[in-house]
Amino acid sequence: MKQLLFKTTIICCVAIATLTGCKKEIADTDTTIALDNSIADGAFQDMMGVVSKEAAAGGLSGLTAGTDYAKTLDDCPTTTFSEAIGVFPNTMTLDFGASCVGYMGVERSGKIIATFTGPYSTEGTTITITTDNYYVNGSKVEGTKTIVNEGLNDSGNPVFSINVADGLITLASGETISWNSTRTREWQEGDETLEIEDDVYAISDGVGADFSVTGINRNGVAFTAHIAQPLIKRLDCRYITAGILEVTPDDMLTRELDFGSGDCDNKATLTVGEFSTEITLLY
């Protein structure tokens, strides 16, 4: 009887351990954390893209002289300036109204407010971006994005420190994603032309930062992110086109996101341990 009880106990323990292991394996192949990070990251990347486009059109890029617009501003959004072009600081307000589809075919509403202390291309210029009831593709985007022109690096390329503080994405479902980042952007191509479509940036972790991102996903799971290989952002493409990002949730395995080798598409390969799958990016 004792021997039977002992065997039964052993079998139960093995079964419990097996089930526990399976539960952990299932949890560690979850894609929501990586997707939520990409949603928040994409929303703030998109915000910078819109600001860059309107700044170039409005003469705040520093690549043109005079007070006339360098080219015609789009009807979406309605863009206004607090000062005459050439006077700084200058606050640019992008008003998307109740809804308009513009840059990159994305639907936006509300306002983006960007204050420039000088031309974008001038060393020392700081750009502070905030939002007012701003939505992109149905998600509300809040937070402060700060861009500082740090001058030229050893390769002769302009470098910018990019910080997002108190980032909050409220999804259409009402769920939220908290997101903060500290990064460095190297302007690798297109810095000598007015058009932003030829601009290419390489994004890395911020100088001295342990992580490029800290956040909390829609399920309340805290995570950090590290850029293992520079993320390549072309301003003629809605998506990150190359690079590797590592997203690490609390008490879970690191998720590796590989954005490919340069093609403009909405696909990335997600790898968690032995598990790998292709995911579709919103941005």
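## Helix H2, its salt bridges and some strands

Visitor: Which residue just after H2 takes a positive phi of about 90°?
Guide: Bear in mind that this is a predicted model: local features need pLDDT of at least 70, side-chain atom pairs count only at pLDDT 80 or more, and totals for chains, interfaces and linings use all residues. Residues are numbered from 1 along each chain as its sequence is written, and side-chain values use heavy atoms, with hydrogens and water left out. Helices (H or I, at least four residues) and strands (E, at least two) are DSSP runs numbered from the N terminus. The residue with that phi, just after H2, is Gly-59.

Visitor: How far apart are the end C-alpha atoms of H2?
Guide: Helix H2 covers residues 32–58, which makes 27 residues. The expected span of a helix is 1.5 Å times one less than its number of residues, so H2 should span 39 Å. The model agrees with that, as the end C-alpha atoms are apart by 39 Å.

Visitor: How many residues of H2 are buried?
Guide: Buried means under 20% relative accessible area, exposed means over 50%, and partly exposed lies in between (1.4 Å probe, protein chains only). H2 is mostly covered. Of its 27 residues, the buried ones number 26.

Visitor: Which residue of H2 forms a salt bridge with Arg-218?
Guide: A salt bridge is a side-chain nitrogen of Lys or Arg within 4 Å of a carboxyl oxygen of Asp or Glu, and the count here comes to five. For Arg-218 and its partner, the closest N and O atoms are 2.6 Å apart. Arg-218 sits in the loop between strand E10 (213–216) and E11, so the pair ties H2 to a part 182 residues away in sequence. Arg-218 is partly exposed at 29% relative accessible area, while its buried partner, at 0%, is Asp-36.

Visitor: What is the N to O distance in the salt bridge between Arg-183 and Asp-41?
Guide: Here the side chains of Arg-183 and Asp-41 meet. Arg-183 belongs to strand E8 (residues 176–189) and Asp-41 to H2, so this pair links parts 142 residues apart in sequence. Arg-183 and Asp-41 are both buried. The N to O distance is 3.0 Å.

Visitor: Which residue of strand E4 forms a salt bridge with Asp-46?
Guide: The closest N and O atoms of this pair are 2.8 Å apart. Asp-46 lies in H2 and its partner in E4 (residues 107–116), so parts 62 residues apart in sequence are tied together. Asp-46 counts as buried at 6% relative accessibility, and its partner, buried at 2%, is Arg-108.

Visitor: Which residue joins Asp-36 and Arg-218 in one salt-bridge network?
Guide: Asp-36 and Arg-218 form a salt bridge with each other. Salt bridges that share partners bring in one other member of that network, Glu-175.

Visitor: Asp-205 is buried yet has no salt bridge, so which side chain of opposite charge is nearest?
Guide: Asp-205 is found in strand E9 (residues 200–205). Lys and Arg count as positive and Asp and Glu as negative, while His and the chain ends are not counted. The nearest opposite charge is 5.8 Å away, and it belongs to Arg-183.

Visitor: What is the distance of the polar contact between the side chains of Asp-205 and His-226?
Guide: A polar contact is a pair of N or O atoms within 3.5 Å; within protein, one must be able to donate a hydrogen and the other to accept it, and residues adjacent in sequence count only if both atoms are side-chain atoms. The side chain of Asp-205 makes one such contact with the side chain of Ser-212, at 3.3 Å. With His-226, the distance is 2.5 Å.

Visitor: Which residue of E13 is the bridge partner of Leu-245?
Guide: Two strands pair if DSSP finds at least two bridges between them. E12 (residues 240–249) pairs in the antiparallel sense with E11 (residues 222–234) over eight bridges, and Ile-227 stands opposite Leu-245. E12 also pairs in the antiparallel sense with E13 (residues 255–261), over five bridges. There, the partner of Leu-245 is Leu-257.

Visitor: Which residue in the turn between E12 and E13 has a positive phi?
Guide: E12 and E13 form a hairpin with five residues between them. The positive phi in that turn is about 60°, and it belongs to Asp-251.
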